[in-house]
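Trainee: I have this model open on my screen and would like to understand one small part of it properly. Could you take me through a single residue and its setting, and then work outwards from there?

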Amino acid sequence: MRVSRMFYLYRRLYVQQLKAILEYNKDFYILMCSAALTQVLGFVFLWVIYDRIPDINGWQFWEVTFMYAMIFVTEGVGSLFFEGTWRMGRLVNMGEMDRYLLRPVPVVLQVFCTGIGINGLGNLLIGGVIIWQSLVHGHIHWTLGKISIILLLLLTAVIIRVSINLAANSAAFWIKNAGNAFPLMVHNLADLAKYPLTLFPQAIRVFVSTVLPYAFISFYPATYVFGKSEWSGWWMLAPVAALGSAAAAYGIFRFGLSRYESTGN
Amino acid sequence: MSAIQIKKYRSIANRSLQNVLAYRTSYVINFLANAVNLLAIYFLWQGIYSGRAEVGGYSWDQMKTYLLVTFLANSVLSWYSETSISGKILDGSVAVDLLKPIDFQTARFSETLGASLLEGGMSAILLILFASFLSGITLPHSLFVYVLFALSLLGAILVKFGVVYLAALLCFWSTGSMGIVWTRIAVTNLLSGALVPLAFFPDWLERLALWLPFQSIIHTPTMIFLQQTGTMESLKLIGLQAFWGIALWIAGKGMWNWAVRQVTIHGG
């Protein structure tokens, strides 16, 4: 299937979902505000701490807020455009995946469009403001190259985040249990990447750089953006991590799908 | 309340305790997820304290203790009880509860208490194991402090239930619970002292937090366990918990009476 056709189908499926959620508009606002509030309060937490001390292990306030916001922004993109991954447990347990398998449209595309998490809009908004402020306060020497690399790192961050979501939620093919405790746990592990990696012991550093490469969403981009010389060059691994996690996630998803038994009623 | 009445609610509490046992995998995974969070926060604080003897009036040893007590106080009232109340309202099964000769609020409180007993007990055991690996945890020496601490944990459950219940009743007016739950968690975490001790706040925010009920949930138990308050002061804080618990209970009752008239039942 051609890429342009994929985008066309994605847009059509997405718009249908959008109509559905606009039906319940009270929820729409509550979700958006709650996501924004959660993030603002996390920001207040950092602000309260930095009010007392000048730096943590050599990391300044705006450097840490950048990492923090990167985790939230990618989460926002994930829920706004790829929320369907979180519905996979339901799709598998209720046997609703049958419908998707019959259509001549890639299954993974249909899974992505199974829902929209409007809370993502709140995350994007507040996270965007925090990132922008971090960049303004970060004393950065701007060049065209730097801007394009930052954009590339944003893209790879989103790819990594969505891939991890897809892979973790594919657990639904194996764990026959309603509820998504396992993907939620994987999701929570992103907490380890909200703060500078140097705070953590070696084992955790390796874990969030390889098995679940959350550090390539927040920490390594931050080392590049703020020019931390002892980490120079590490950001170049981000595209590798993105490609690797995307391929692994798709592989896990396909493998899970081959085990799909279509139980349900 | 007569003996029969109490028996009724005790069996509800028992049922919810067994429910936790039956769904133990999701409980364990949930607990692990919280532990990850604790780990992240622990190392963040370790970084904050590196090269500093004290921050905001807390030494590193006291802060370690603070984090563990916060974790315990947070895990005695779980995500499970949070979503089960709003779930009942959203899927319409509250209609069945309206027909039962049982007080809705008391029944939900019994459920919460039943689950809390088990979850709190398990968390306590795991925390003691975890704490034995850490050095420098400041434990109180007198037995009396432990008694006060246990009392304050009970008070914390009562107040937290009040907050959770009120938030859950809001679902009568909305069609989803996630937004309300997230907001509730975010506000409670900040104003109860679960993120940072209230002493870290700027003056105005600290004063505001102390005026609100949230501080009873985390601030009070930690203050008592860290012995930052005298006996009289501790008893006063526990009295304050009782006040908030009762006030929120009455507010919940009032809101319920008003909300059931709004009920729309979908489904079938």
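Trainee: Please take a close look at Thr229(B): is Thr229(B) buried or exposed, and which residues is Thr229(B) in contact with?

Mentor: Thr229(B) is buried, with a relative accessible area of 14%, which puts it under the 20% cut-off for that word. Please keep in mind that this is a predicted model. You will find Thr229(B) in the loop between α10 (219–225) and α11 (231–259) of chain B. Setting aside neighbours within four places in sequence, its contacts are Met223(B), Ile224(B), Ser234(B) and Leu237(B). With Ser234(B) there is also a polar contact between the side chains, at 2.9 Å.

Stay in that loop for a moment, since Gln227(B) is found there as well. Gln227(B) has a phi near 55°, a positive value in a residue that is not glycine. As background, most residues other than glycine have a negative phi. Gln227(B) counts as partly exposed, at 42% relative accessibility, while Thr229(B) is buried.

Met223(B), one of the contacts of Thr229(B), leads us to another loop. The C-alpha atoms of Met223(B) and Pro197(B) are separated by 9.6 Å, with their positions 26 residues apart along the chain. Pro197(B) belongs to the loop between α8 (178–192) and α9 (203–211) of chain B. Pro197(B) is buried, with a relative accessible area of 1%. Not counting residues up to four places away in sequence, Pro197(B) touches Trp45(B), Tyr58(B), Met63(B) and Tyr66(B).

Trp45(B), Tyr58(B) and Tyr66(B) are among the members of one aromatic cluster. The cluster also includes Tyr42(B), Phe43(B), Tyr49(B), Trp60(B) and Phe200(B), together with Phe200(A) from chain A. Elsewhere in chain B, an aromatic ring has a charge for company: the charged end of Arg108(B) sits over the ring of Phe104(B), 4.7 Å from the ring centre.

Now to where the two chains meet. Chain A contributes 34 residues to the contact and chain B contributes 38 residues. Between them the chains bury about 3100 Å², and 75% of this is on carbon and sulfur atoms. On the chain A side, Leu41(A), Phe45(A) and Arg52(A) lose the most area to chain B, together 17% of what that side buries.

Let us turn to chain A for a loop to set beside yours. Trp231(A) is found in the loop between α11 (219–225) and α12 of chain A. Trp231(A) is buried, with a relative accessible area of 13%. Leaving out neighbours within four places in sequence, Trp231(A) is in contact with Thr198(A), Phe219(A), Tyr220(A) and Thr223(A). By contrast, the C-alpha atoms of Trp231(A) and Gly115(A) are separated by 39 Å, and these residues are 116 apart along the chain.

Chain A has a positive phi to show you too. His139(A), in the loop between α7 (119–137) and α8 of chain A, has a phi near 50°. His139(A) is exposed, with a relative accessible area of 78%.

For aromatic rings, the count comes to 40 pairs over all chains. One of them is formed by Trp174(A) and Phe255(A), a tilted pair with 5.8 Å centre to centre and 40° between the planes. Trp174(A) lies in the loop between α8 (144–169) and α9 (181–188) of chain A and Phe255(A) in helix α12 (residues 237–258), so the pair ties together parts that are 81 residues apart in sequence. At 33% relative accessibility, Trp174(A) counts as partly exposed. Chain A also has Lys146(A) lying over the face of Tyr224(A), 5.1 Å from the ring centre.

Finally, the records. For chain B, an unreviewed UniProt entry gives "transmembrane region" for residues 21–45, 117–137, 143–173, 185–202, 208–226 and 238–259. In the model, residues 143–173 of chain B are 87% helix and 0% strand, with end C-alpha atoms 47 Å apart. Residues 185–202 of chain B are 44% helix and 0% strand, and their end C-alpha atoms lie 21 Å apart. For chain A, the unreviewed UniProt entry lists spans including 147–168 and 203–222 under that feature name. Residues 147–168 of chain A are 100% helix, with 32 Å between the end C-alpha atoms, whereas residues 203–222 of chain A are 55% helix, with 21 Å between the ends.

Technical notes. Residues numbered from 1 in each chain as written. Chains lettered and ligands numbered in written order. Predicted model: local features only at pLDDT ≥ 70, side-chain atom pairs only at ≥ 80, totals over all residues. Heavy atoms only, no water. Phe/Tyr/Trp six-rings, centres within 6.5 Å; stacked < 30°, edge-to-face > 60°. Helix = DSSP H or I, 4+ residues; strand = E, 2+ residues; numbered from the N terminus. Buried < 20%, exposed > 50% of the residue type's maximum accessible area, 1.4 Å probe, protein only. Lys NZ or Arg CZ within 6 Å of the ring centre and 35° of its normal. Polar contact = N/O pair within 3.5 Å; in protein donor to acceptor, adjacent residues only side chain to side chain. Contact = heavy atoms within 4.5 Å. UniProt positions renumbered as here; feature names shortened; annotations may be inferred. Buried area = accessible area lost by both parts, 1.4 Å probe.
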